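Trainee: Could you walk me slowly through one part of this model? I'd like to start from an opening in the protein and then follow what surrounds it.

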Amino acid sequence: MNKNTKAAVLFINGQSNATAHQQFLAEEDRIYEPMKNVWSLDRNPNQSFDITDVTWSGWTSMGKNLGETQDHTASLAYFVAKKWQAAIDAGKALPDLYIVQISIGSQGIINGMWNRDKEPVIKPGILGEADISLLPLALHINKLVMKNLTDAGKNPEVIGWHWLGCEQEIWHEAYLRDDFKERYDYHFDVMRESMGGNVSTYLYKVYVKKACERFKLPVCADDYINEEILRQSKRLGTVLVRAEESPYWDEKHPHLGVFAEDNGHYLAKVQEWFADKFMGEILK
């Protein structure tokens, strides 16, 4: 690699919408041939607390999430990777892109595997079988990523950290805990620190009222959760992404025009809108 060459780094974390749960790509849209200018980390050998360096490979639509095993999904990572490579192929002067994704469905900062108190464990697998301490794994990998690129003579620039999560905190009244805000402060602070500090951060508003209706929850805590997401956005000076601003949003639609029939997972077209919105800011 050329010395002092720029490297764009994209981090994506959270729960099922970071994975794009069950939003599978059509066969003709799946990417099997590694991209030339977009790189990522295969689960093997990078899904580990023990490695002292990361190993990059050209981006494909399978094996690149260091969390759960669910491949070929229409995720934010997929659309950004595809559009980044297309921009370079069209002659756009962009650096190589390095994508780091760690996510597992239904795992919150308090209610789930992102909990800072979870004992370190890595049991790979599909959703429902995987058991991974996500916070220590992410902190370990993030630091190795930045060191690896720097040691290789690159000048890594984090173009964004996208956190698509927090829905899980509506369960078991996690939002009523005395240490709720402190734990959120800790989570976002240590994650950003592991990436180099004051990195461009994208937090996503959650929409769980329809899901609450589906599961017949007596109380839906989305206002509490979004209040905390907004507080973090103001505290950290981040971008707050709202699916309601997409052209697909429709209050009269049974799934608001943006979700699958489960009322919880964004459709592929919405994930692509997220990617277009992000890419527009970067390319601008």
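Trainee: How many residues line the largest pocket, and which of them lie nearest its centre?

Mentor: Happy to. First, two notes on reading it: this is a predicted model, in which local features need pLDDT of at least 70 and side-chain atom pairs count only at pLDDT 80 or more, while totals for chains, interfaces and linings use all residues. Residues are numbered from 1 along each chain as its sequence is written, and side-chain values use heavy atoms, with hydrogens and water left out.

Now the pocket. Its lining holds 22 residues, and Ser 16, Ser 106, Phe 215, Gly 264 and His 265 are the ones nearest the centre. The space inside comes to about 370 Å³. Here is how such spaces are found: on a 1 Å grid over the protein atoms alone, a pocket is an open set of points with protein on both sides within 12 Å along at least five of seven lines, a cavity is a set where a 1.4 Å probe fits but cannot get out, and lining residues have an atom within 4 Å of a point. Points are joined across faces, edges and corners, and the volume is the space filled by probe spheres set on them.

By character, the pocket lining splits into 9 nonpolar, 10 polar and 3 charged residues. Here Ala, Val, Leu, Ile, Met, Phe, Trp, Tyr, Cys and Pro are nonpolar, Asp, Glu, Lys and Arg are charged, and the others, Gly among them, are polar. Helices H1 (16-19) and H6 each give at least two residues to this lining, and H6 gives the largest share, 3 residues. (Helices are DSSP runs of H or I with at least four residues, strands are runs of E with at least two, numbered from the N terminus.)

Let's follow H1 first. Thr 19 sits in this helix and, at 2% relative accessibility, counts as buried; buried means under 20% relative accessible area, exposed over 50%, and partly exposed in between, with a 1.4 Å probe and protein chains only. Setting aside residues up to four places away in sequence, Thr 19 touches Asn 65, Glu 68, Gln 70, Thr 73, Ser 75, Gln 101, Ser 103 and Ile 104, where contact means heavy atoms within 4.5 Å.

Ser 75 deserves a pause. Its place is the loop between strand S3 (56-58) and helix H3 (76-89), and its relative accessibility of 4% makes it buried. With the same sequence exclusion, the partners of Ser 75 are Ala 18, Thr 19, Ala 20 and Gln 271.

Ser 75 also takes us to the enclosed spaces. There are 5 cavities of 30 Å³ or more, and the largest cavity holds about 120 Å³. It is lined by 15 residues, with Ser 61, Gln 70, Thr 73, Ser 75 and Gln 101 closest to its centre. That lining divides into 3 nonpolar, 10 polar and 2 charged residues.

Back to H6 (209-215), which is among the elements that cover the buried residues of H7, together with helix H5 (180-194), strand S8 (201-204) and strand S9 (239-241). Those buried residues are Asp 222, Ile 225, Asn 226, Glu 228, Ile 229, Gln 232, Ser 233 and Leu 236. They share one side of H7 because they cover an arc of only 155° around the axis. On the other side, Asp 223, Glu 227 and Lys 234 are exposed.

How values were computed:
The arc is that of the directions from the helix axis to the C-beta atoms.
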